[in-house]
Structure formats: structure tokens, C-alpha cells
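Notebook open, model loaded. I'm jotting down what I look up as I go, chain by chain.

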Amino acid sequence: MTKQNIHKKHPLLLEIKNISKSFVSKKSVLKAVDRVSFNIHSGETYSIVGESGCGKTTTARMVIRLLDADKGEIFFEGSSISALTKQELRKKRHKMQIVFQNPYGSLNPRMKISALLAEAISIRTEKPSNVRAEAKRLLQSVGLGKENLDKYPHQFSGGQRQRICIARAIATNPKLIIYDEPVSALDLLVQAQVLWLLKNLQQEYGFAYLFISHDLSVVRYMSNRIGVMYNGRIVEEGTREEIFGNPQHGYTKLLFASSPTLKNADGFAATNIRKSTETYQKVLHEVKRQSNKNITANQTHYVLSDY
Amino acid sequence: MYNTIFKIRKKTNVYILTGLSLITIVFIFSIFGSLISEFDPLRTAPAMRLTAPGSIHWMGTDDVGRDIFTRVIYGIKISMVIGFVVTLISGIVGTIAGISAAYYPVTSKVIMRIVDSIMAFPTIILAIVLAGILGAGMRNIIIALAISYFPMIARVVRNATAEILATEYIESVVVLGKSNTYIIFRYILPNIASPLIVQLTYTFAMAILNESILSFLGVGIQIPTPSLGAMVSDGRNYINTAPWIITFPGLVISWIVLSLDLMGDGLRELLDPKRRHSKLRFKKMAILQSAYKATETDMQDLLKIENLTVVAADKHDTHEIVRDVSFAIRNGETMGIIGESGCGKSITAMSILKLTEPNIHIAKGYIYWGDICLSELPESRLRTICGKEIGTIFQEPMTSLNPVFTIEQQLSAPIRLHLGLKKADIHQRCIRLLQDVGIKHPEKTLKSYPHELSGGMCQRVVIAMAISCDPRLLIADEPTTALDVTIQAQILGILKELIRTNHMALLIISHDMGVIASLSENITVMYGGEIVEQDTRDSIIERAAHPYTEKLINAAEELYDGADELTIVRGSVPRPGEHIIGCKFAPRCTFSTRRCHTERPPLIRKKYGKGTVRCWKYI
């Protein structure tokens, strides 16, 4: 119910319609993303959860046009961005930003933090009068002191670098920020800090998030709605409560069964011996065969299936 | 640009210093030399021909009586000008060609074909041919040399640029919608500066050397202009009667080229830290697989670590990265070490078998394997002792396997060494091992190469290798961190079953509380290189005593249980080498008192149970 209220209040921001992407090598064709569709409303967090190679990162890169989709269309604020030329796209870039997984590789090692932030601020439509003061404000909003402005990236820890990446992403005043595994390279306690920061920033500025992760617990904390992805397809989509409270698809259930927690610690590994390995493979095999028919569990909950 | 590069590592480099001072001497001579010498480099004095070096003619005179010292000084000038201009032209052309080749795939094909075909000729031959076609003279030599050298630069630049284009920081600036020109000047050029500068230094040296060769061959600088190469050429006829004519210019050429090469070598070392650490993991694996049949020990503790302190040394100083760590593992027991990155958990495990990087070594403490003291053994004996008894699994399955051998070759090697089985028996054992780790088609897998298998499959093979000789202890360092959750669940299940059926002891290291909890009976919590708490799994999870353990467990539980609010622990782990006098966790701890900041708490026994904790709260 609360979900639908959100829909009424917030307009549709991003609309993905049946996008596909294949990578062709000499020997084979790999369908990385296969007929994926989803919507993101402004101010909400939509997460794609799945394992390596499921196509979640490829999807994210197509949304921000670091890759071009083979088929399908992407609408941002009502207009199609899949057909934009590079020049037209450049003008829209500031509305959509991305934060990558590896905090050690996403900052130019030869630039000071102030320059890295100024660079992002400079693409805003309305430029602030004092760029350095604005950079200072951005750093503070991600929990770093102004004394850090004249440092180089290598002087920071992984968690701090990820904060700088986030400051850079919000510096352009975007509508949508894509996070590609933003905390999976970070330690547990630092993870909590960064996730908490992301939620706070969202509440303060009203960003929409597209959140990509393999980690169910992180996704659970962050998301309003979740798409579970396997083998290039979104096999199940629903609100957080629907996915976690009432998982329908075999693969979603498998993912839940695979995550160790502290409570099931004793039984966990014991139940996952060879017998269940075979069931896993059976489930995974079935998922691969499924067609493009969506069955609706309820208004917001979809499951990919062939029955 | 130069400034930022040199700031990175301030250490003065002996090659650069030597090279720089040598070339400065040459420079000073070429600039001020003409003031000292009163001779004209071109004026002939037949009366003075072939005078030996003396007080008037310091380097003697040549066959027409010209002063060699003066001519050498002018020769240096010409060489330097040629070297500089050639480097400048080939540098600019090469950089433009290299960057455009990396940037635009279509251009790349055209440019790289041209570059390849030029590089197919030996540089000097090409330069001779070009100089021959263009005719002698300074301008033509420069053109010929620039054409010969720009391909090498283009290639270096293209490779460096391609490497940078693949990084995430390039994507993050593309997303900002910045133009290509901006990206090239702000991102590409500063980041390719190091390899480029090194290459330019070599080009400078080679240009000077090759100018000399061309002039020597008569297609270079024309007589009577004093060029070092032309002077060597002249002197060749008098090598027996007047050796000084050839000696001095020759020495100067060697001097210049040597000093520039030294500078190049120094720069390469200074700017490229990657060159030093290139040890591959599978080399370390090989160490573990050497033959030895250990005697049975009936000591209760299988592995015992006592007051282990490990230090890391760099050029400036040494600092403790593991301090005063003690624990014991009994036969068949499982121990998990948990901690965040940099807490010393992996270093502790690696130290057991001395697999740490060469600059890291044990400063204090002992490691016992039964009644053998591993930490005192020379490395050669350690290898023979550990081969069979301790199996190891590392995080990255791909780097633990050798890509050029089949799975069967790699799996059977330790079995043959340690167990001395017959060929057919070895094959049977390999098949059984693969079945044990849950591989469905062992025959097929045995014939495969590592790259043909998925990450999960590779990790299974690595586990099979680790247990191939029935070790009594398995050390697993983040065995599932690189794997997907569904695969992780399977691997954890396999490990659990293997431990039970083979009665192996396990030392597992992980940052993931769920992984540690599902496999270990006892848990050691490390923070900042120290043990902060040690107890049974249930005590740690349900009644964590140390504030850090408590925060860690709490954070894990909140995430696993889907809490709406996360409790935030401010600050970050201490950096290795950061000096903290009191408790290492005190700066982040909500309970810390003044004592916590000034005095280091000892590890004390808990009031209830067998566990230990390092916190002033309990004293």
C-alpha cells in the first residue's frame, strides 16, 4: 500500500523497455542482458540483485550509456535517451551519475580532491559562484573534513575514497545515481557507514537510486523495490517486503538459502552438502529454460515463469 | 607535471643522481668550453698536425691540425641539439599517434600498421636508408632519426593509454560528459607521463648515438662541421699513429649515452613501482608440495602459536603489523580468525608457513607444529616438513592454479611426491578427490586446463589439491570471498563435510562473520594486529565481551536480519604502522576512558568460560 502511495506522489523518472545486449566473440554469442524492463520513480531505490555474470553491471552501464543496448529503449524523464547523439547526451550527463565498486580505481590518481570535485561541479547547469566553497560543502556532506581538499586520492582509505566518489556523483545535482556494488570492497563496519550515508543523502536531496549488488542483506537495507536477475533476465520483481517476505521464484529462494547468517550458522553449512548441490544445479538449469511470460502475484510483484 | 611525479616517492635515486651529474658535466663543458679554448674548431693548422695531447692542445690535434678539444666541445653542442630536436619531434608525433590509436579503433588499425611496418626494420638500418635518400646534413638527419624513433614512442603511448582507458576513473569522467580533449589533457597525459618520460630519455640517448653512427658512415653531418661521429670517422685512419683523435670523441659519446641511459633506468625504477612485486601465488603453492613424510606426533596441540609478533620493513623503518598473537588448534578442531582488512589475520596465517612477502618477517614468538618449531626452521626444511601435513587454500582460485598444466597434472604431483602411489592408483585417487569436492564429471575435469573451468570449479580443484595427501590441518585464507553466494554455500558445505570425514583441523580466515560462524568452533577476533577476543563460537556470537566484537556482531546481525536502521561505528581501522599507545580500538569505542587511550590493555581470561579478552572494562 505504502508503495503505491509513493508512485502517486513521485513521477516516473527512468523507464527501461526490453533492453538486450549480446557480446559476440569469434566462437560464441553471449546474451549478457536479455529483454530486461523496469521503472524507477524519482526518490526511490530500485535494486538489481544477482550473482556475477548475471548481467546486472551490463544493465547499469546501458542505463548510463557507457554501453549501447542492442535492442530496447530507455526513457529518462519521458524522453528516449537511447537515440541521443554523443553531443546531445553530453548535455544530459549531469542528470545521471554512477559510483563504481572499486574505490581504488575510480579516482584519477594525479588530481587533488578539490580538482576532482570542481570538475564535477563544472558540468552543472547553474554554476556556483565559489567552486571551492561548494567542494568543501560537498565533502562535508559525505562526512569528510575540509582539510582533505588538497590531498591526493592515494592518501585515503577505501571507505574514504568511496565517500569522495559519492561526493563527486552528487556534485552534478543528478536526478538518478547508479551504484554498482558500492560497498562490496569495504569492511563490514565501513559498509554500514557508507550505506547509512547513502540513505541520508537520498532523504536530504531526493535522489533516485539504481542499486546493483550481489549482497542480499545490503539490498534489503537499501531498496524500495528489487529485481532479482539471473542469466540476463529479471526473474522476479517486487517491493522489498514482497521479495523478502514471499519469494516466489526458485532462484530467489535459492539465493536466500545460500546466504549464511549468524542464527542458522550451525545448520547452514551442513545442509549445503552435495545433495543440495544437485538441487541447485537443477534449479539453475530450469531458470535457463524459462520463457518470457510474466505471471503476476499481485500488482507490484512479477515472476518470470513458463507455467 | 614533473613535480607531482617526483613527489610520489621522495627517495633520491642513485641512478638518476649519477646520470644527472654526468650529463651536467658535459653540458657545462659544452657551454663554457668555448670560453676556455682560444682555438677555432674549423681553422686548420697544417704545421701542428697530429700533435699529441699536451699543455696547449689538451686533447691533441687531428690530421689537419685542428684542436680536438675545441672540436669536441662544438660536437657536443651539435649532438645535444640533434638529440633534443629528434626527441621533441618523435615525442610529439609518437604521442599523438599513440593516443589516437588507443582512442579510435579505426585509426588504430591504420596507425599501428604503419608503426609496425616501420618497426619491422632495424632502427639504424632505417635511419641509414632514410639519410641516404634525403641526403646528408643536419636537418635531414633529424628527419631520418625522428621517423625511425616515433613508432616506439607511439607504441608505448598506445599501450599505456589503452590501460588507462579501461580504468573506472575514465568512465567516471565520461559520465560527467567531459570532452575528449579534456580527458586527454587532464586524465591521459598525466597518467602516461611516467612511461613516456622514460622512453623519451632513451630516445635522446639513442638519437645521439645514431647521429654519431650516421656521421661515421658519411651520411650524417658533413665535413668540416665538428660532429662527434664524424670525428671518430676521421680518426679511424690514424688509430695507430694518433690514437687520441678517435679516443676523445669516442669517450665523450660513451659518456653522454651512458649518463642518459642511467637516467632512464633510474626514472623507470622511480616511476614504476609495479616492477618490483611480481611474485605469483602459484609459486608459493609449489613450495608447499615438496616431499616429506612427517613422524606422527601425539602432542595434543596440533598447531601452537606463541606471542607471535610480525614486522614489516620498508626503506625508512619497520613497524609491527601483528603483535603478540597466541592461539592453539587441536587435532580435528576448527578455528576462525575474523577481522577487517589490515588487522593482520592473513599475515598471521601466512607467517605459519613463511609465505609472507620478503620484507615481512617474524620478530618475536614461536610457531610449533607438534613439537617442531616451525618459526626456527630454515626455509628449506620448513618446506619439507609442511608439504604433506598442512594444506592451504587461498582467496583467488585462478592464481593458485598453474595455467599451463592440466588439472590432473597439478593434482597428481603432490600425491606422487608424498604418497608414492602407482600411476593407476594416483589416477583413482584424483578421481575420488574430485568427487569429494562435489565435481560431477571428474574424468572430464581432470583433462581440462584451469581457464576452461569456472571460478567455483577452480576453487573445488584447489581444495582437492590441498587435501590430496590427507593433511592434518587445512589453512583457508578467505576461501570463498571471490565466489558467488550460491557457490560459496556449496564450498562451505564441502569444507564442513571434509573436516568431519577426514578428521582435519581447520584454520579459516575471513572478514565475513557468516562464513566464520558456519565453519568454526572457536573464533579469534583481531583488530589492529592484535587479538582482542578469543572464545567459542557461541560465546562470541551471543555474549561478545570486547566492544569491537560486539559492534562487529551487531553490524552483521542488523544486515542479515534486515534492520531498517544501521548502527554506525565512526572512524576507520588503524593503518598498519599508525602509532596508538593505548587500546587500538579506543578512538572508535563508546566505552573508552582515559586509561584506554594511554595504556595498552592486557589479554585476560574471561570471568566465565575459557575465553580471553583485551579490554580495560573487565579489569
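Before counting anything, I fix the term: a residue is buried if 20 or more other C-beta atoms lie within 10 Å of its own. By that cut-off, 45% of the 307 residues of chain A count as buried. Note to self: this is a predicted model.

**Chain A, overview.** I looked up the confidence next. The average pLDDT of chain A is 85, and 85% of the residues score at least 70. The weak stretch I noted is residues 1-5 of chain A, where pLDDT stays under 50 and the model has 2 contacts beyond four places in sequence. Predicted coordinates should not be read in detail where pLDDT is low. I then listed the secondary structure and got 12 helices and 12 strands for chain A. For contacts in chain A between residues at least 6 apart in sequence, I find that 68% join residues at least 24 apart.

**Tyr209(A).** I picked one residue to look at closely. Tyr209(A) sits in strand S8 of chain A, residues 208-213. Is Tyr209(A) buried or exposed? I count 24 other C-beta atoms within 10 Å of Tyr209(A), so it is buried. Setting aside neighbours within four places in sequence, its contacts are Thr45(A), Ile177(A), Tyr179(A) and Gln202(A). I also checked Glu181(A): it is 28 residues from Tyr209(A) in sequence, and their C-alpha atoms are 12 Å apart.

**Chain B, overview.** On to the other chain. I get 23 helices and 12 strands in chain B. Why call chain B more spread out than a compact globule? Its radius of gyration is 34 Å, well over the 25 Å that the globule rule gives for 619 residues, so the label fits. The C-alpha trace of chain B spans about 105 × 65 × 55 Å along its principal axes. Buried residues are 46% of the 619 in chain B. Of the chain B contacts between residues at least 6 apart in sequence, 67% join residues at least 24 apart.

I pulled up the domain assignment too: chain B has domain 1 (14-36 + 59-273) and domain 2 (287-618). I put the C-alpha centres of these two domains of chain B 53 Å apart.

**Two helices of chain B.** I started with H18(B), residues 455-466: its 12 residues reach 16 Å from first C-alpha to last, close to the 16 Å expected at 1.5 Å a residue. H18(B) is mostly covered, with 10 of its 12 residues buried. Among those buried are Cys458(B), Arg460(B) and Met465(B). The cover over the buried residues of H18(B) includes strands S6 and S7 and helices H14, H15, H16 and H19 of chain B.

H15(B) was my next stop. H15(B) runs over residues 407-419 and reaches 18 Å, close to the 18 Å expected. Its buried residues include Ile407(B), Pro414(B) and His418(B). After H15(B) comes Gly420(B), with a positive phi near 55°.

**Where the chains touch.** How many residues does each chain bring to the contact? I count 47 from chain B and 52 from chain A. On the chain B side, the elements giving two or more residues are helices H7, H8, H19, H20 and H22 of chain B. H19(B) gives the most, with 9 residues. By class, I tally 23 nonpolar, 16 polar and 8 charged residues on the side of chain B that touches chain A.

Technical notes: Residues are numbered from 1 along each chain as its sequence is written. Chains are lettered from A and ligands numbered from 1 in the order in which they are written. This is a predicted model: local features need pLDDT of at least 70, side-chain atom pairs count only at pLDDT 80 or more; totals for chains, interfaces and linings use all residues. Domain bounds come from an automatic or database domain assignment. Helices (H or I, at least four residues) and strands (E, at least two) are DSSP runs, numbered from the N terminus. The expected span of a helix is 1.5 Å times one less than its number of residues. Two residues are in contact if their C-beta atoms, placed from the backbone, lie within 7 Å. Ala, Val, Leu, Ile, Met, Phe, Trp, Tyr, Cys and Pro count as nonpolar, Asp, Glu, Lys and Arg as charged, and the others, Gly among them, as polar. The radius of gyration is taken over C-alpha atoms; the globule rule is 2.2 Å times the number of residues to the power 0.38. pLDDT is the predictor's confidence in each residue, from 0 to 100.
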